[in-house]
Amino acid sequence: MADSANWDWGTGEKLISDLDEWKSSFNWVEEPYVSPDGEQIASIVNVDEAEFNVCVNGEVWREDIYDKAWHLRYTPDGRLTALVNENDEWTVAVDGESWENTFDYAWNPIFSKDGGTIAVSFQKDGEYGMARNDAPWEELFANLNCPELSPDGTKTAATVQIEDLGSADIFKFQDGVFTAADDGTPWDSKFVNVWWKSFNHDGSKLAAEIRLNLYDYTIAVNGEPWAKTFASVWKPIFRPGTDSVVAPVKAAGKWTIAEDGNIIWDKGFVQLWQQMFSPDGKKIAAIVAPSFGRWTVAVDGIAWSATIGDMITEMVFSPDSSKVAAIALEDEKWTLIVNGSLWQDTYDMAYQPVFSPDSQMVAAKVEKNKKFTFAINGKTWNQKFDYVWDPVFSPDGKNILARTVEDGKYYRRVIPVNEMIG
Amino acid sequence: MTNPSENKKPMVLDEGLEKGAAKLTQDRIEKTIKQVLEGETGARFKAYVETCVHCGLCSDACHVYLSLDRDPKYSPAGKVKRTIGEIIKRNGKVDAQFIKEASVVASTECNLCKRCAMYCPFGIDTAYMMLIVRRICHKLGVTPLYIQDTAHSHAATMNQMWVKEDEWIDTLQWQEEDAREEIPNLRIPLDKVGADIMYSVIAPEPKFQPHLIYDMAIIMNTAGINWTMPSEPGWDNSDMAMFTGDNELCARLKKEHFDLAARLKVKKIVMGECGHAFRSVYDVGNRMLGWRMHPFNTIHAIEFYYDLLKTGKIKIREKYKKSVTLHDPCNVSRGRGLHDKARWVINQICEDFTEMYPNREHNYCCNAGGGVVNCGPPYKIKRVTSNRVKAEQVAKTGAEILITPCHNCHSGMDDILAYYNIEMHTKFICEIINEVMVKPEEA
Amino acid sequence: MNNFNTLYNLVTGPLVWLTFLVFIGGSVYKIRQLFSLVNNKEKFIYSYMSLKFSLRSLAHWVVPFATVNWRKHPVMTVMTFLFHFCLVLMPLFLTAHVTIIHEAWGIRWVTLPDGIADTMTMIVIAGALFFLIRRFTLREVRYLSVASDYVLVAIVAAPFVTGFLAYHHILNYQLMLILHILSGEIMLMAIPFTRFSHMLYAIFTRTYIGSEFGSVRHARDW
Ligand code: SF4
Ligand code: SF4
């Protein structure tokens with residue numbers, strides 16, 4: 001993440017670009033993306049038949065056009081990336097510069113937390129691998145799924161197929177033809193399936209959900225399965241700063257949390273997933289269904305008493321680890337839930353909550369009747385926009401960076417929080 | 001329609017069953033049966049077993065029974081008798097040969113269509129009982145080869161047809177490019193966070209019928225829908241694991257699907273013209289994950305077309321001329337009550353619609369559903385011969401086009417039409433809409 | 001004569017108590033067992049139960065010819081409804097039965113004229129015969145039938161046959177009376193522990209499927 005301290009936090013309004021003007025310059029303008037600091041807005045634009053470019057603040061990225069371009073995204077450190085095709089070759093373009101390596105296909109770019117690393121999955125001559133910062137794996141595979149990038153951006157991993165599998169050869173499949181490739185090097189062991197995975201803090205350990213046969217699920221760490229198996233498991237994570245792995249497991253018909261194979265929560269749930277450590281590494285929160293059809297959050301095995309009918313997602317811890325916020329859905333209406341309290345206002349859509357640096361405030365982008373705004377500490381800001389991006393708190397927590405579109409124009413504003421909830 | 005003389009039953013050799021059964025031990029069979037019946041079933045199973053009065057009233061519900069000269073073996077309760085009934089009678093002490101046969105009964109002689117639940121005075125759900133048999137067979141590793149392979153594909157790639165991740169995206173971009181010949185600025189927006197609708201399809205579309213994605217792209221663009229298609233796995237809404245009894249995998253597939261919709265921040269999932277996929281998202285996978293209903297508003301294409309036509313978002317230039325009939329897919333009629341909307345849509349777009357009887361909730365299954373068509377070539381002849389009633393019913397309409405908004409129904413009906421020499425062609429609704437609607441900039 | 005008296009005292013004394021104990025206790029046990037299974041293993045069922053759709057489903061299935069399948073089998077439908085109607089109501093409103101209860105506990109309710117009761121008895125017997133013949137002659141029913149199905153027909157017919165014989169003083173009255181009481185007791189005691197338990201479970205299976213069809217599947221279940 002780029003250091004937001006260096007951003008322009010002077011309160012006020014900047015008109016960054018008139019998007020309606022873009023529309024007259026191009027055949028079509030695709031959905032825009034804005035930089036984390038709000039200073040840029042960009043879209044893929046169609047110039048002519050099968051001719052694409054990227055427009056940033058009204059300027060095209062470069063002279064030459066692309067035959068195709070898609071998946072425009074800003075990295076957390078503010079670089080603009082897209083997947084682009086020229087002369088039937090795909091690659092990653094970063095701020096208008098294409099990677100040197102090209103592929104028959106490239107997709108699913110993932111960024112490290114600080115944005116310094118970009119990884120993609122690729123296919124070349126029918127073989128599959130990943131590339132990290134323009135460096136492709138040396139060994140390629142028959143297929144690739146469930147890619148992962150280590151938090152520090154030093155390692156990539158994915159599920160790979162390491163043996164040929166004839167059509168409808170169910171017996172060979174059941175002997176295991178998949179493994180995880182850690183930075184392109186497959187584990188020694190083969191499994192029936194390998195799914196989602198996580199790296200530890202320094203990328204030295206890789207844990208993945210695996211299926212040993214059609215029935216026994218467990219977690220493998222660097223290729224070594226846990227001693228115990230379960231009826232099912234979900235994506236594992238590492239306990240911060242350690243090599244211990246924590247994963248949701250289904251045992252005796254109930255979901256709970258296991259660490260290194262041993263169940264650590266004494267309570268079972270109808271469902272449990274998206275477990276997460278608090279920033280101080282001391283607490284585990286997870287999204288749970290305490291009873292059939294009811295959802296909430298459990299922290300260290302204790303479920304909030306408030307439950308909701310349809311979904312809880314986008315869970316986050318406050319920086320001081322004292323609070324958990326998430327969005328909650330019931331009957332097609334979203335709201336926020338913070339430490340077990342549901343907010344009163346409901347929305348057609350809510351986005352991931354954002355805590356202020358001092359953990360005292362929580363804000364989120366919300367949508368109602370096709371208009372967008374922010375909800376802060378349970379209140380909905382009375383200004384409405386045609387579009388907004390997620391709110392960003394200033395380092396002192398006094399202001400919010402509002403990146404908004406009104407009447408076809410993109411504005412960057414820094415607004416005192418007091419003004420918004422006053 | 002001609003009635004083929006060779007009605008003799010072919011020898012079926014299914015390696016999945018043979019090799020699977022060869023690996024069984026008596027101990028494993030008994031333990032597994034006990035585990036499933038005691039550990040996984042509950043009140044429904046007990047009530048169904050004890051309440052059935054052997055009255056045979058469910059027989060007339062089943063197209064397999066009706067088509068195979070009312071052979072009682074194939075009646076719903078007959079199939080329960082041959083599987084669960086025997087297991088209970090022998091107190092779980094059945095052998096590998098029995099398991100193999102039970103697997104054939106449950107996986108290839110019942111489509112889990114639930115028509116019989118509407119005919120039994122007690123509402124006994126034979127489809128549920130057959131799923132329990134399939135669950136036991138899954139746990140014993142005795143599942144027909146082709147559907148098992150499909151389940152493996154789901155497990156490895158999260159889609160039904162071993163479609164690789166790049167192939168999927170490439171197909172979407174290729175369809176988008178093709179469709180731009182018709183509507184120059186058309187888009188299939190990929191991964192558009194915050195779109196109103198996520199459109200999902202089953203893997204046979206990118207694999208064999210990409211033109212259906214094309215048709216939908218034309219419809220979406222014409223109607224001005226804020227929509228997206230996902231580039232990531234989870235895009236495939238189909239689910240054969242639900243039919244092999246691999247409930248854990250079924251749950252995993254639906255989790256990927258719903259997770260994707262949650263990440264894309266859409267308000268609604270619109271599913272293509274597929275019945276079983278709809279069932280898995282709407283009624284089965286959601287429950288396996290702990291959801292009472294689907295967490296997102298999830299609608300089948302029929303309902304989507306209905307809304308588009310009702311609100312005037314798409315308009316019809318000239319109705320389709322050929323005479324059409326409709327085969328109601330079980331999973332969206334008996335499974336979701338969309339039969340009247342389907343008729344309304346068809347009457348809006350077609351000039352000459354003829355009903356087949358019985359219809360709506362009372363339709364006969366195509367005999368491809370419930371994973372039966374996915375059990376593959378070894379059972380093809382059996383599958384068409386055991387749905388003679390469907391052939392007769394369809395032939396009687398005399399229509400030129402058989403509309404059925406479901407992929408499995410298409411496969412099943414195509415085979416039936418071919419086998420019984422019925423001069424009729426199958427079509428999806430979107431194909432007709434695309435032919436008859438007003439388009440923004442006709443090329 | 002003495003033997004008859006002892007037997008008579010037995011079947012009208014301790015056996016009556018035993019019968020009610022087994023019938024009521026057994027029924028309660030069976031229903032509780034079903035609910036404990038739901039609570040322990042299929043709790044989700046509750047969240048789908050809907051009163052409206054339960055009633056909608058019941059309303060169709062308890063009315064003759066109100067469902068497609070009832071219409072498809074007119075003779076079976078007529079016999080099923082007549083049989084069950086008479087089977088349940090005739091014993092409850094038979095003058096002789098009500099009189100016995102009145103003498104024992106001092107409560108009474110309306111009774112059926114004997115002639116009608118007699119006809120109803122014959123209907124039950126005819127119904128049992130019909131079911132028996134159906135089991136023998138219809139291929140799909142014969143295939144499903146097991147020995148206990150025939151025994152159950154006999155159990156249900158017995159109290160009515162013997163009651164009919166006793167009422168009309170055919171054969172030995174006293175013997176018939178004792179057999180009548182005894183077979184009635186056997187039938188009641190069999191309800192919770194045989195397929196007769198459909199009497200207890202039908203309402204649950206019916207309302208469950210009715211709820212699923214109504215509120216989830218948005219489809220008719222008849
Ligand atoms: S195919 Fe349909 S009607 Fe026949 S037994 Fe199976 S669920 Fe019942
Ligand atoms: S399932 Fe129902 S209709 Fe079929 S035999 Fe049993 S009780 Fe009769």
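In chain C of this predicted model, the 17 positive charges and the 9 negative charges have mean positions that lie 13 Å apart. The surface over which such a chain meets its surroundings can be described as well: chain C exposes about 11,500 Å², and carbon and sulfur atoms supply 74% of that area.

Turning from charge and surface to the fold, chain C contains 12 helices and 0 strands, so that, by the DSSP runs used to assign elements, the order from the N terminus on reads α-α-α-α-α-α-α-α-α-α-α-α. Taken along the principal axes, the box filled by the C-alpha atoms of chain C measures roughly 65 × 40 × 35 Å. Of the 222 residues in chain C, 44% are buried, and where contacts in chain C link residues at least 6 apart in sequence, 63% of these contacts join residues at least 24 apart.

A single residue of chain B offers a view at the local scale. B:Asp307 belongs to helix H15 of chain B, which covers residues 301-310. The relative accessibility of B:Asp307 is 27%, and because the partly exposed class lies between under 20% for buried and over 50% for exposed, B:Asp307 counts as partly exposed. Once residues up to four places away in sequence are set aside, B:Asp307 touches B:Lys268 and B:Ile299. Further along the chain, B:Arg317 is 10 residues from B:Asp307, and the C-alpha atoms of B:Asp307 and B:Arg317 are separated by 18 Å.

How values were computed
Residues numbered from 1 in each chain as written. Chains lettered and ligands numbered in written order. Predicted model: local features only at pLDDT ≥ 70, side-chain atom pairs only at ≥ 80, totals over all residues. Heavy atoms only, no water. Helix = DSSP H or I, 4+ residues; strand = E, 2+ residues; numbered from the N terminus. Buried < 20%, exposed > 50% of the residue type's maximum accessible area, 1.4 Å probe, protein only. Contact = heavy atoms within 4.5 Å. Areas by Shrake-Rupley, 256 points an atom, 1.4 Å probe, with all protein chains shown as cover. Lys, Arg positive; Asp, Glu negative; His and termini not counted. Charge placed at Lys NZ, Arg CZ, Asp CG, Glu CD.
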